[in-house]
Amino acid sequence: MIVVIDNGGQFTHLEGRALRDLDVENRVVDSETPVEDVLPGADGVVLSGGPSMEGAGNSTEYLEADVPVLGICLGHQIIADHFGGSVGAGEYGGYADVEVEILDDTGVLAGLGDTVSTWASHADEVKEVPDDFLRTARSDVCGVEAMRHESRPIYGVQWHPEVSHTEKGEIVFENFVEITERHRKKAAD
């Protein structure tokens, strides 16, 4: 079971659909839902995009739990902000096709190749990765298109892998599902 935390993003329903397309049981819950109502039975959490940090509800609480987390757009920014990175306005607002260079082809970015064409908004973006995180992708318009924690299964991407405009977006979700399965098996041992 993967739970998608709805931070008010316009594509959140597509994140649930992307997981359903992979035959993964999931549910979408509002970010204000109490964490203790969500985490029992959750193998992983997706922090959706959304319009602002102010609408992120309880999203940061999932970052202290022992579950894999994938942050998408605002979710990526929530991760950076929570762990001490910096988030600010991007030079390019609105949605656009962005060519992203993969710097670390592990974790959720495994199998994407050297570059991938993505659909992204850069109204706000991660400016500096937090301590204990690695920058894993960049573009000409954003220095931190993706990041991952050095030792915990926490990943963030600025772009939207759930939309059809993003090339190989399903691979990001496939990789996250594999990460959650490995984490669940390790926790059971």
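This is a short talk on the overall build of one protein chain, one of its helices and one charged patch on its surface.

Before anything else, please note that the model is predicted.

I will start with the whole chain. The protein chain holds four helices and eleven strands. Its C-alpha trace spans about 40 × 35 × 30 Å along the principal axes. Is that a compact globule or not? The radius of gyration is 15 Å, and a compact globule of 189 residues would have one near 16 Å, so the chain agrees with that description. As for cover, 51% of the 189 residues are buried.

Now the helix. Helix α3 runs over residues 74–82 and is mostly covered. How many of its nine residues are buried? Seven are. They are L74, G75, H76, Q77, I78, I79 and A80. In general, residues three or four places apart on an α-helix point the same way, because there are 3.6 residues a turn. In α3 the buried residues run from L74 through A80. Just after the helix comes G84, with a positive phi of about 100°.

Last, the surface. Which residues form the negative patch? They are E128, D131, D132 and E150. I will take D131 as the example. D131 sits in the loop between β8, residues 124–128, and β9, residues 133–139. D131 has a relative accessible area of 66%; exposed means over 50%, so D131 counts as exposed.

To recap: the chain's radius of gyration agrees with a compact globule, α3 is mostly covered, and D131 belongs to a negative surface patch. That is all I have.

How values were computed:
Residues numbered from 1 in each chain as written. Predicted model: local features only at pLDDT ≥ 70, side-chain atom pairs only at ≥ 80, totals over all residues. Heavy atoms only, no water. Patch = residues over 30% accessible without salt bridge, like charges linked within 9 Å, V, L, I, M, F, W, Y side chains within 5 Å. Areas by Shrake-Rupley, 256 points an atom, 1.4 Å probe, with all protein chains shown as cover. Salt bridge = Lys/Arg side-chain N within 4 Å of Asp/Glu carboxyl O. Lys, Arg positive; Asp, Glu negative; His and termini not counted. Charge placed at Lys NZ, Arg CZ, Asp CG, Glu CD. Helix = DSSP H or I, 4+ residues; strand = E, 2+ residues; numbered from the N terminus. Buried < 20%, exposed > 50% of the residue type's maximum accessible area, 1.4 Å probe, protein only. Rg over C-alpha atoms; globule rule 2.2 N^0.38 Å.
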